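Colleague: Could you walk me through this one, with the cut-offs behind each label?
Modeller: Sure, here it is.

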Amino acid sequence: MLVIDRDGLRSNMTALRRLFHGTGVSRRPHFKAHKCPEICRLQLEFGANGVCAATIGEAEVLSALDTSILLTSIVSSDPNLGRVVELRANGRDLKLVVDNAATARRLSSSLLTRNCAAEVLIDVDTGRGRSG
């Protein structure tokens, strides 16, 4: 069970909105921090420009919010490609990440079979050996 001081949460979100007001910086909080769609709704109400999801399952849950979702994990298996394509084919604003050309080609091919496209970010390995 998640217990939240709602007034404290709203106060923190108000402070964050004030901090970023007029800076041109957008906020896209990560769902994995709290895993609570209601908190996401509140973050959007307080000026977030979308949300991040670590997994396809999280993106599927967040698709009910009708907001921009950035899937931060790289999708490479055929079943998972199918799931993200299904979200895009159903009109969800889903941004994806790829870390190599082969995955980008497979993603493109999968999207084209459903006559849709997706915004894609390139994950570059900056020396940490995690991806790219």
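Colleague: Why is Cys40 called buried or exposed?
Modeller: Buried means under 20% relative accessible area, exposed over 50% and partly exposed in between, with a 1.4 Å probe and protein chains only. Cys40 has a relative accessible area of 0%, so Cys40 is buried. Before we go on: this is a predicted model, where local features need pLDDT of at least 70 and side-chain atom pairs count only at pLDDT 80 or more, while totals for chains, interfaces and linings use all residues. Residues are numbered from 1 along each chain as its sequence is written, and side-chain values use heavy atoms, with hydrogens and water left out.

Colleague: And what about Cys52, buried or exposed?
Modeller: Cys52 comes out at 8%, so that residue is buried as well.

Colleague: How many disulfides do you get?
Modeller: Zero. A disulfide is a pair of cysteine sulfur atoms within 2.5 Å. For Cys40 the closest cysteine sulfur sits in Cys36, 7.6 Å away, so that is too far for a bond. For Cys52 the closest one belongs to Cys40, at 9.7 Å, again too far.

Colleague: On to the strands. What makes E3 and E4 a pair?
Modeller: Helices (H or I, at least four residues) and strands (E, at least two) are DSSP runs, numbered from the N terminus. Two strands pair if DSSP finds at least two bridges between them. Strand E3, residues 94-98, shares three bridges with E4 in the parallel sense, and Leu96 has Val120 in E4 as its bridge partner.

Colleague: How many bridges join E2 to E3?
Modeller: Two, with E2 covering residues 69-71 and running parallel to E3. There, Leu70 has Lys95 as its bridge partner in E3.

Colleague: What makes E2, H4 and E3 a right-handed unit?
Modeller: A crossover is right-handed if, with the strands pointing away from the viewer, the path from the first strand over the helix to the second runs clockwise. E2, helix H4 (residues 78-89) and E3 form such a right-handed β-α-β unit. The β-α-β crossover from E3 through helix H5 (residues 101-113) to E4 is right-handed too.

Colleague: Why is the sheet called open, and which strands stand at the edges?
Modeller: Four strands form an open sheet in the order E1-E2-E3-E4, with parallel pairing. E1 (51-53) and E4 (120-122) are at the edges, each with a single partner strand, so one side of each has no neighbour in the sheet.

Colleague: How covered is E3?
Modeller: Mostly: five of its five residues are buried. Leu94, Leu96 and Val98 point one way, Lys95 and Val97 the other.
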